[in-house]
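Dear colleague,

Please find the structure below, handed over for your own inspection. My notes on what was found in it follow directly after.

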Amino acid sequence: MQENENISHEHDDDEQHEHAHDDNDTMEHTHEHDNDEQHDHADHHEESFIRKYIFSLDHKMIGKQFLIYGLIMLFVGGGLALLFRWQLAYPETPELEGGKPAKAAKPLPIIGPSQKYIDDGEVVTGADKMWERIYDSDKEEFLEVNMPSGLIEPHFYNMLFTMHATIMVFFVVVPILVGAFGNFLIPLMIGTRDMAFPVLNMLSFWLAVLAAVIMAAGFFVPGGHASAGWTGYAPLSADPQWTGVGWGLNLWAISLLIQGFSSLVGSINYITTIINMRAPGMTFLRLPLVIWSLFIVAILLLLAFPVLSSALALLIFDRLAGTTFFTSTAEGGGSSLLWQHLFWFFGHPEVYILILPGMGIASELIAVNSRKPIFGYRSMVYAMIAIAFLGWVVWGHHMFQSGMRPGMGAFFMTTTMLIAVPSAIKTFNWLGTMFRGSIRFTTPMLHAIAFVSMFVIGGLSGIYMANTPVDIYIHDTYYIVAHIHYVVFGGSLFAIFGGIIFWFPKMYGRYMNDTLSKIHFWLTFIAFNCTFFPMHILGVGGHMRRISNPMQYEYLQTFEGMNIFITMSAFTLGFVQLILVFNFVWSIYRGKVAEKNPWNVTTLEWEAPTPVPHGNFAQIPTVYRGPYEYSVPGEESDFIPQAQPEHAPASAGD
Amino acid sequence: MLGWLPENISEYAQGVDKLFALIYWITVVAFVLVIGTLIVFLIKYRHRAGHRAEYIEGSTKLEIIWTAVTTVIVFGLAMLSFPEWNNLKSPAENPDYVVQVRGEQFNWYMIYPGPDNELGTEDDLELENELYVPEDKLVQILLTSKDVIHSFFIPNLRQKQDALPNQTIDTLKFQAREPGRYEIPCAELCGFGHSGMLGYLIVQTQEEYDAWVAEQWPE
């Protein structure tokens, strides 16, 4: 116990506060000394703005940086989705004819030129004015090239959905779940002062920023951004002649390579921290489930990302150095299936990277708000390990129709279906946790309930795809789109929203406004289901994904109304998120000031003072029990903090 | 939900719709049970003043039950699916007709072997985006691509198979029951013209088909 504290101190002094010179007897620290030292920090060590907010080494600041980064990218990615949703609702808008929209076509509502303008050239709406200016201008305007009269050119359409998915997966969900929650929660919840490698931690964030800048640059290069889908299937992605995209796709690959390094650095840091720096008494089976999930995810990231990185490197060689890893000619060459194997060998664990921390967060929220221990803590941990392990042997289920040997399909179907078992265990255990509880419907709990129910839909719809004969039909249709959004939006994003509201008091020392949070929750929940549930129906109707104009197909004519409905819901969903942003920013400055442990939680992060100072704890807590000691019989308080000594008088609240 | 499926005209793939329906009902029941339980719990165990949660850490018996039940269901489903999958994705034995199909940005080319029944000879006939077949006959498709990956999708036959460049896939086959004209979209992103890469399957009666053949290859 003593030793453990000293380790934390050393690192605290040397790396984080850079004032080891005035404190050379680190090894001799006692608890009292510890307290003094904290005062020293506060008194003598005012950090510069840049050190504190930009190139920060503090895990909490880096976590907040990742959070804001992810939220900004969420709006970029969502905006792209809304653009192509508009197209899907109104795909039959006029083409250009001699620099003006052709006559006798359906105009694009609101943002396109009006019917009057198309017919008589009369400027009626604000949009007409904009388009008139664009048509009359001599320059090659961006909109005129990519969206003449509001209609999105097919190439631009491909670019939009490619970047929507790329940004959402690599720049929103992973940075928020792993970067933000991982950084903020791990040291606080395991009871240590910071990450094992604060400089690497900073590097991880700034590499992610670099990756985002490079990704953004891709929009402005000639030929446009990557348009081969987020999966970047070769040979479409491997040879510029098939898409006409030059540096856009190179930058896409380079950016993802850098993002891979960022994740790698972060995951090494997480694993080291969790293994080595747990507070005294914090055994592995006393770790909160969210820490377990982040630990498992860090291992997945460490093992999976290098596979993508090597595939991307080969892709870059193919594009720039004339190799043929993924292309073939009549004389020979590589294999287009190789890319799919490499991509999905990374890609499926990646899917679990996106959902496991969500499961962890939901577990915390459900236990706290049901005032009960997690039902079957151990089996929850084993289920997560099982999901992570099975994640390595199911990648072929993305490739049932790829031309892979059909015999392999049987194997991958079986392994994929097996994942239903640990997923079911988790779901039943969440229900078990609520059983005979005392459920408080706080906003974080609402999000956790939404997480569970949406995850149930996303999980059940997965069975259709795991089933090879049925997958033949629904593969590459909107059924898949519905499924992935139920898991990643309905699952991960609801967990993220719930997590933000739950830990906001610890992050910023203030509450988020609860009324706004509740309005945001209900509108998001309804709009989300209106947007994505009908996509199951589109998929059953055989509506392909990634097509810019469903109205070209006779058998998809009936879905015009449904596509319009989905688009309207998607816009609602998008605009509702502004409530969250307003609430988030407003609450940082104006929210109600939060006490130390506002939700009456047992875990260690709530032992730290609010706002959490450098070094987190006045003294490193000692852990006496598991993380979910709620409503213990015979105790007066309905929760016993992990750090509360045995047989000591209860110190409820703080 | 099931009503949205397009008409199934395939002799082979009737089993697909049956499996689909089976999974549909399994998932509907599972959904209703889980969400129903969730709602009951939310109402019954909501926080009330003076009421305390019960300290329950878990139940090994229950864990074993729901693990076992789920395992049995998924294995059962897998077992039911193997024969159907093998049936759909194995090379045709003694097909009545063989047609080569080539995907090429952004069209489907259908190549008929002609009277000599051999591909790559002079009497081959290449059609753009039109695949003529007689009803109730086993047709094998030799699927390939010239440039990138395409996916040959016939919703009404419940068939889909990616076409790979410089590789021929021989596992695609079907037997169409209803004469008519059906769409063959491309289901794998293949470039800017992906949306609108559209062919047609024209299923004819045997007489119509024979007449069509006579027209294409006059004696």
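**Confidence and conventions**

Chain B has a mean pLDDT of 93, and 100% of its residues reach 70 or more, pLDDT being the predictor's confidence in each residue on a scale from 0 to 100. For the complex, the predictor gives an ipTM of 0.95 and a pTM of 0.90. This is a predicted model, in which local features need pLDDT of at least 70 and side-chain atom pairs count only at pLDDT 80 or more, while totals for chains, interfaces and linings use all residues. Residues are numbered from 1 along each chain as its sequence is written, and chains are lettered from A and ligands numbered from 1 in the order in which they are written.

**Domains and core**

Chain A is divided into domain 1 (93-150) and domain 2 (154-590), with bounds that come from an automatic or database domain assignment. The C-alpha centres of these two domains of chain A lie 38 Å apart.

The largest nonpolar core (a set of buried Ala, Val, Leu, Ile, Met, Phe, Trp, Tyr and Cys residues joined through C-beta atoms within 7 Å) has 260 residues, and those with the most contacts inside it are Ile291(A), Leu356(A) and Ala362(A). Helix α8 (residues 154-190) of chain A supplies the largest share of this core, 25 residues; helices here are DSSP runs of H or I with at least four residues, and strands are runs of E with at least two, numbered from the N terminus. Leaving aside residues up to four places away in sequence, Leu356(A) touches Ser293(A), Ile296(A), Val297(A), Met384(A), Ile387(A) and Ala388(A), where contact requires C-beta atoms, placed from the backbone, within 7 Å.

**Backbone points to look at**

The peptide bond from Ala234(A) to Pro235(A) is cis, with omega near 0°, and Pro235(A) is found in the loop between α9 (198-217) and α10 (240-243) of chain A. In chain B, the bond from Gln105(B) to Phe106(B) is also cis, with omega near -5°, and Phe106(B) sits in the loop between β1 (97-104) and β2 (107-112).

Arg436(A), although not a glycine, has a positive phi of about 55°; this residue is in the loop between α16 (420-434) and α17 (443-466) of chain A. Ser631(A), in the segment after α21 (560-590) of chain A, likewise has a positive phi, near 50°. How buried or exposed are Arg436(A) and Ser631(A)? Arg436(A) is partly exposed, because 17 other C-beta atoms lie within 10 Å, whereas Ser631(A) is buried, with 22; a residue counts as buried at 20 or more such atoms, exposed at 12 or fewer, and partly exposed in between, with C-beta atoms placed from the backbone.

With best regards

Conventions. Contact = placed C-beta atoms within 7 Å.
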